[in-house]
Amino acid sequence: MEAAAAPVGALAEKSAAGVAWDLSAFFSRPDDPAIERALQQVAAQAEAFAARYRGTINAPGGATAGHLLTALQEAEALQEEMVKISAYASLLFAADTSQEAHRTLMQRVEEHMTALRNQLLFFDLEWLDVPEEHARGLIDDPVLAPYRHYLSSERRFKPHTLSEPEERLMNDKDLTGINAWRRFFTEFNAAQRFKVQTNGQTRELNQSEVLTLLRDPDRGVRQAAFESFYSTLESQGQVLAFVYDTRFQDHLVTNRLRKYDDPMAPRHLANEIDAGAVQTMMDVVERNYPLAHRYFALKAGLLGLPKLELYDQYAPLLSVKERVTFGEAREVILRALGRFAPAFADIAQQFFEARWIDADPRNGKRGGAFCAGVSPSAHPYILCNYTDDLRDVMTVAHELGHGIHFYLSRKQTLFNYYMSLPVAETASVFAEMLVFEELLAGLSDPHKRLALIASKLEDSFATLFRQTVLTRFEQLVYAARAKGRLSGAQIGALWLQANAPYYGDVVSLTRGYEWGWSYISHFINTPFYCYAYSFGELLVLALYGKYRREGASFVPRYTALLESGGSLSPAEQLALVGVDIHDAGFWQVGFDELQRLMEEAERLATATRAQAAPQA
Ligand SMILES: [Zn+2]
């Protein structure tokens, strides 16, 4: 739910100056004596809870449904109070990390919460220990219907969980095993420096700085950045290949011990998505590669190139950046949401008027953007760093989408409040889509329209196509690793193999790209995480297509989806809007939306052809 870090400080414009949130609904100030009283009260409640319920959830003969229901309700009430104190401390800290009082409170609350969580841990563990047959009976009991999804999803890892001493052993050995490799990779990556020569000057850049240059309007700069980036990775190739090969092997060994039959299986289980739905989605994505080829050919024409190199992929089509004030962003977002449903604009309006948004890019404030849902009995808060860039409008729209979602989910109780991962980005990306259409409708200049559509298409491609490529690469690499150790050259060959269908013969796989896998941290940190990005993006495009076809009748069903919070599995939630995630036809609707944008881009390109090729 986080956006990438935006520049804070010197670059910042002032249109969002003074736009700060009001946290007085929680406490009045960091040393408010009410905080201490609240902490004491929660500690006493937790103690009473443990005294009452310890040993009764997995009791001999089994707990009754009524007993479990009361326990769940009390646990939720207790955690609501904990969440509010934590939220106050962390929001205060995020808004100004430089204040000693904020750091002290944050630290104090964190310690308290860890102690409380440990005290309440028995509850989850006892539930996991309930024998399967009895647990099944409780999950299906009508008395516990509101907690059916919560209770069953809590137990979903049970068949893959080892005995307690084995789990402890795994944890201990992971400290110097995979966790150490992760830390090593992070540190190694952060320390890498890339020498780039521009305008006769050599600069030493870090990873994000050199990657930013791949979006430079000057082709020479992009090429220099590309060559420096990949040749530097290649020079570290032996170390990087060793780290990745070890990670692949660790995942395979862990899966064998935990009895997973496929390298993707643990991720599917975490996402509550079955393999069939993911396969269907990815097949549809791959069938649509010709759309990417068509776009790359168009872009080559616009840039006046016979064929794109990989470093031309993200070349900008406009050299001047659009500026949008915070006030203008608010207007356009409310208009876009209001056009979808007046109720959505009303909710968003409250964020601005009741000061639930902190947008001022102050020093000391943390970077990036997020929406904190807090809990059903509180309201959400949004943090962003608004610098008057057009991209910031999309960031605010994105976080407001989360905000509206949390606001609507407040009908659920705490344990049913948070959506699961594959659908967690639905409301945010959908809101971006609405605002994108609104911005486009307000533009008449064909160059600006073309640039806006191109950036939308490129963002969608990066999420949809590229993340599917990354997933196919992981499938290839795990199948190969099962047969034995992999060298950097072997991993590189599999990487190019996975990329080839996406770029086709329209984009050259520029030399050096065979090291393209070797800086992607998802492969090290969370195997097979990437398909969730494709899934989420295509889901929203397809929902948006459904909305355009069905019009107003889509709105109440979409609202019901958001209101369901985390009370259902992703497949059940999407059924609320009439979607079957196993149906390839549904996924294709998402591409029909991109197709529509593609056609508009081609029309605009023809219209602007005379003045095209903005770069030398
Ligand atoms: Zn998000």
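What is the site of the zinc ion like, judged by the angles among its four donor atoms? It is irregular, with angles of 52 to 140 degrees. (Four donors count as tetrahedral if all angles lie between 85 and 135 degrees, and as square planar if opposite donors are over 155 degrees apart and all others between 65 and 115; anything else is irregular.)

Before moving on: this is a predicted model, where local features need pLDDT of at least 70 and side-chain atom pairs pLDDT 80 or more, while totals for chains, interfaces and linings use all residues. Residues are numbered from 1 along each chain as its sequence is written, and side-chain values use heavy atoms, leaving out hydrogens and water.

**Stop 1: the zinc ion.** Select His398, His402 and Glu425. Their donor atoms are NE2 of His398, NE2 of His402 and two OE entries of Glu425, 2.1 to 2.7 Å from the zinc ion. (Donors are N, O and S atoms within 2.8 Å of the metal, or 3.2 Å for Na, K and Ca.) The sequence spacing is H-x3-H-x22-E.

**Stop 2: helix α16.** Select residues 390–409. His398 and His402 both sit here, four residues apart, about one turn of the helix. Both are buried (under 20% relative accessible area, 1.4 Å probe, protein chains only).

**Stop 3: α14 and α18.** Select residues 326–340 and 426–441. The two axes come within 9 Å and cross at roughly 105 degrees. The helices are therefore roughly perpendicular to each other (65 to 115 degrees). Among the residues in contact (heavy atoms within 4.5 Å) are Ile333 and Phe340 of α14 and Phe430 and Leu434 of α18.

Terms used: Four donors count as tetrahedral if all angles lie between 85 and 135 degrees; four count as square planar and six as octahedral if opposite donors are over 155 degrees apart and all others between 65 and 115; anything else is irregular. Helices (H or I, at least four residues) and strands (E, at least two) are DSSP runs, numbered from the N terminus. Buried means under 20% relative accessible area, exposed over 50%, partly exposed in between (1.4 Å probe, protein chains only). Axes are lines fitted to C-alpha atoms, for helices over the stretch in contact, and angles run from 0 to 180 degrees between N-to-C directions. Angles under 35 degrees count as roughly parallel, over 145 as roughly antiparallel, 65 to 115 as roughly perpendicular and the rest as oblique.
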